[in-house]
Amino acid sequence: MTYGELKNLAEDRLTLAGIADAGSDVRIMLTDLAGAGPAFVAAHAEDEVPAETLERFMAALDRRVRREPLQYVCGSWNFMGLDFTVRTGVLIPRQDTEILVEEVLRVLHDGMRILDVCTGSGCILISLLRYSNDCIGTGCDASPKALAVARENAAALLDDMTHVMFCEGDLYGALEAGGEAPDGGFDVIVSNPPYVPSEVIDTLEPEVRDHEPRMALDGGRDGLDLIRRIIDGAGDHLIKGGALYLEIGFDQGAAVSGLMKAAGFAEVEVIRDYAGLDRVVRGTRPILEGSISAG
């Protein structure tokens with residue numbers, strides 16, 4: 001089979017499988033899995049695909065036809081200009097979450113201590129450490145599979161592994177279990193928690209509904225179960241003047257900012273993404289308050 005024939009076959013199969021932008025998927029798959037970007041395919045359309053390459057590509061194509069996410073099929077995905085390993089059982093890094101990272105980077109100074117709650121693949125924490133100086137990061141997650149991928153990504157993308165650590169457990173409980181809570185607390189807590197309402201999950205695209213880990217998506221009846229818990233526990237783990245950043249659903253800005261204000265946070269702000277949708281809520285633990293009350 002030639003490269004041109006393979007491209008056409010793959011586009012036809014993905015289109016029949018109901019994938020809207022089949023051409024884009026095929027270009028990415030050919031580039032990542034066959035080393036054949038668009039320019040190569042155009043120049044070598046009549047050349048035969050090596051048997052080993054063809055076998056590998058067809059196996060990947062079968063997975064994508066079954067609506068397995070493209071990111072899992074390729075095995076990695078770019079986030080904040082870095083290539084992160086992604087595997088089944090780990091939430092896929094999304095471009096929307098880059099807004100969260102960019103907002104935190106605005107406040108980071110040398111040596112700050114960062115806590116990433118529900119770290120998943122580690123893409124948020126690792127990006128923050130990669131693009132700052134001498135910050136120290138802790139990532140926690142309830143999934144051992146996710147933490148294994150996060151550690152792998154940290155080893156591949158960070159020069160100094162002594163500045164990052166990961167611990168397993170339920171939200172802040174992971175810190176106590178792993179003995180990773182710093183004296184005085186963290187300067188920044190950041191999280192992309194599960195925030196999809198339970199009843200909405202079954203309406204999502206098959207790639208998300210059938211393949212991404214439900215525990216990384218399901219935020220309970222109104223999508224705010226874990227967000228409430230993260231906000232309620234943040235005061236015990238932030239320094240005075242420290243900031244909490246949360247990624248949220250497009251329709252959750254008012255509710256989450258209200259929860260932060262009720263918990264005593266100051267300077268609460270809802271930040272929109274490039275599509276104009278609510279995407280991040282931030283707030284600061286007041287310097288003059290003794291503690292943040294539970295909301």
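What follows is a conversation about reading confidence, helix packing, burial and backbone angles in a predicted model.

Biologist: Before anything else, how far is the predictor's confidence spread across this protein, and where is confidence lowest and highest?

Modeller: Good place to begin, as this is a predicted model. The mean pLDDT of the protein is 94, and 95% of its residues reach 70 or more. Confidence is lowest in helix α9, residues 173-178, with a mean of 81. At the other end is helix α7, residues 123-130, where confidence is highest, at 98.

Biologist: Let me stay with α7 for a moment. Is α7 mostly covered or mostly open?

Modeller: For burial, the cut-off is under 20% relative accessible area. By that test α7 is mostly covered, with seven of its eight residues buried. The buried ones are Cys 123, Ile 124, Leu 125, Ile 126, Ser 127, Leu 128 and Leu 129.

Biologist: Now helix packing. How do I read the angle between α12 and α13?

Modeller: Start with the axes: those of α12 (residues 225-234) and α13 (residues 253-262) come within 10 Å and cross at roughly 25°. Angles under 35 degrees count as roughly parallel, and α12 and α13 are therefore roughly parallel to each other. As for handedness, α12 passes α13 in a right-handed crossing.

Biologist: Which residues of α12 and α13 meet?

Modeller: From α12 come Ile 227, Arg 228 and Ile 231, and they meet Val 256, Leu 259 and Met 260 of α13. Sorted by class, this contact has five nonpolar residues, no polar ones and one charged.

Biologist: Could we try a second pair? What is the crossing angle of α2 and α4?

Modeller: Helix α2 (residues 22-34) and helix α4 (residues 51-65) have axes that come within 10 Å and cross at roughly 140°. Only angles over 145 count as roughly antiparallel, so α2 is oblique to α4. The crossing of α2 and α4 is right-handed.

Biologist: And which residues make the contact between α2 and α4?

Modeller: On the α2 side they are Asp 25, Met 29, Leu 30, Leu 33 and Ala 34. On the α4 side they are Thr 53, Arg 56, Phe 57, Ala 60, Leu 61 and Arg 64. The classes here are seven nonpolar, one polar and three charged.

Biologist: Back to α13, then. Is Ser 257 buried or exposed?

Modeller: Ser 257, which lies in helix α13, has a relative accessibility of 11% and so counts as buried.

Biologist: What does Ser 257 touch beyond its neighbours in sequence?

Modeller: Setting aside neighbours within four places in sequence, Ser 257 is in contact with Val 268, Val 270 and Val 281. There is also a pairing to look at in space: Ser 257 and Gly 283 are 26 residues apart in sequence, and their C-alpha atoms are 8.2 Å apart.

Biologist: Last topic, the backbone. What sign of phi should I expect?

Modeller: Most residues other than glycine have a negative phi. Leu 171 has a positive phi of about 50°. You will find Leu 171 in the loop between β5 (164-168) and α9. Leu 171 counts as buried because its relative accessibility is 7%.

Biologist: Where is Glu 267 found, and what is its phi?

Modeller: Glu 267 is found in strand β8, residues 266-272. Its phi is near 55°, again a positive value in a residue other than glycine. With a relative accessibility of 58%, Glu 267 counts as exposed, whereas Leu 171 counts as buried.

Conventions
Residues numbered from 1 in each chain as written. Predicted model: local features only at pLDDT ≥ 70, side-chain atom pairs only at ≥ 80, totals over all residues. Heavy atoms only, no water. Axes fitted to C-alpha atoms, helices over the stretch in contact; angles between N-to-C directions. Helix = DSSP H or I, 4+ residues; strand = E, 2+ residues; numbered from the N terminus. Parallel < 35°, antiparallel > 145°, perpendicular 65-115°, else oblique. Left-handed = near helix turned anticlockwise from the far one by under 90°. Contact = heavy atoms within 4.5 Å. Nonpolar A, V, L, I, M, F, W, Y, C, P; charged D, E, K, R; others polar. pLDDT = per-residue confidence, 0-100. Buried < 20%, exposed > 50% of the residue type's maximum accessible area, 1.4 Å probe, protein only.
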